[in-house]
Amino acid sequence: MLLDAPRRPLRATDTPTPEPGPGQVLLAVSACGVCRTDLHVLDGDLPNPKLPLILGHEVVGTVARIGAGVDRFTPGQRVGVPWLGWSCGACRYCRAGRENLCDRARFTGYQIDGGYAEYTVADARFVFPVPDGYTDLQAAPLLCAGLIGYRSLVAAGDALRLGLYGFGAAAHIVAQVARYQGRRVFAFTRGGDADAQQFARHLGAEWAGASDAPPPEPLDAAIIFAPVGALVPVALSAVAKGGTVVCAGIHMSDIPSFPYEILWGERVVRSVANLTRKDGEAFLALAPQVPVKTETEPYPLERADEALERLRAGKVRGAAVLAVSSRQLPDLDPVP
Ligand SMILES: [Zn+2]
Ligand SMILES: [Zn+2]
């Protein structure tokens, strides 16, 4: 499914199967999660995407061919490709273990072709083995919603009373991890979205209500997954002194001005950007222990546009995932 330019429908087309270069693996894709970031690329909120582009950065597939110099994986192994597709290893962030902030980072489904396809190539160093016990469809949302959700949860510190603003793919995973860690979860949804509130309670939230409603007691931290800047002062007003508000999305509408009084008391507002491979290893080891159960809404690959529009409308329960059935490769010879 090709994106020719922002704000255009995706186009189903046949392209040559890519060749894995040195250090890369070719994957036969079996599932790819649909993330809000895909909508931001589609809408032109994120500048200068590769064009034409294959979206998708929650890719689960099977290693089909291996490029020169790859010794981490063998053909037939099930792996996942996340948003961080490449980092330079040399800039001051990379050297400090903060490759999520790499000055020259490249991202899957944005600057590198992603997983809305039957085949994709990825840098083997940024690919994860996928834990057993998950189907391909269930595993896909772990790779961004789960992984960046987990990074956001870590950024919330040891907060006991945790607010989650926007109860979509990421929150439905984070709620389960937070409960496993013994935290109390308060879920905020669009006003009147009784289904989402019921879903949140089902996943362990002790309270669920509209995003503009005050929680029954002050929070110690809040994570904002919805791309709505107006929620920043709302969440700040809901956290107690010393509390943290984490903005977890890659793009947000403008944040309205707010009185200093709601930041006073050593409250913190911060963002979370991307992921490190360490986050991925930590979360993919933790998920089966919880165990995180993902709720997915499957769509065939060629109906990606429909999945994206359902996501935009806030109608997806859990995570939308594209189910991909690739044809057999004509040959599986090693790449010379
Ligand atoms: Zn770097
Ligand atoms: Zn994502």
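**Figure legends: surface, fold and zinc site of the predicted model**

**Figure 1. Accessible surface of the protein chain.** The protein chain exposes about 14,700 Å², of which carbon and sulfur atoms supply 52%. The model shown is predicted. Of the 336 residues in the protein chain, 54% are buried.

**Figure 2. Overall dimensions of the protein chain.** The C-alpha trace spans about 65 × 40 × 40 Å along its principal axes. The radius of gyration of the protein chain is 20 Å, which agrees with the value near 20 Å for a compact globule with 336 residues.

**Figure 3. Secondary structure and contacts of the protein chain.** Nine helices and 15 strands constitute the secondary structure of the protein chain. Among contacts with a separation of 6 or more, 71% are accounted for by residues 24 or more positions apart.

**Figure 4. Protein donors of the zinc ion (ligand 1).** The zinc ion (ligand 1) has as its protein donors the SG atoms of C88, C91, C94 and C102. These donors lie 2.3 to 2.4 Å from the zinc ion. Along the chain, their spacing follows C-x2-C-x2-C-x7-C. Of the donor residues, C88 and C94 are both buried, that is, under 20% relative accessible area.

**Figure 5. Geometry at the zinc ion (ligand 1).** The arrangement of the four donor atoms is tetrahedral because the angles that they subtend around the zinc ion are 103 to 117°. Four donors count as tetrahedral if all angles lie between 85 and 135 degrees. For four tetrahedral donors, the ideal angle at a metal is 109.5 degrees.

How values were computed
Residues numbered from 1 in each chain as written. Chains lettered and ligands numbered in written order. Predicted model: local features only at pLDDT ≥ 70, side-chain atom pairs only at ≥ 80, totals over all residues. Heavy atoms only, no water. Donors = N, O, S within 2.8 Å, 3.2 Å for Na, K, Ca; no water. Tetrahedral: all angles 85-135°; square planar, octahedral: opposite > 155°, others 65-115°. Buried < 20%, exposed > 50% of the residue type's maximum accessible area, 1.4 Å probe, protein only. Helix = DSSP H or I, 4+ residues; strand = E, 2+ residues; numbered from the N terminus. Rg over C-alpha atoms; globule rule 2.2 N^0.38 Å. Contact = heavy atoms within 4.5 Å. Areas by Shrake-Rupley, 256 points an atom, 1.4 Å probe, with all protein chains shown as cover.
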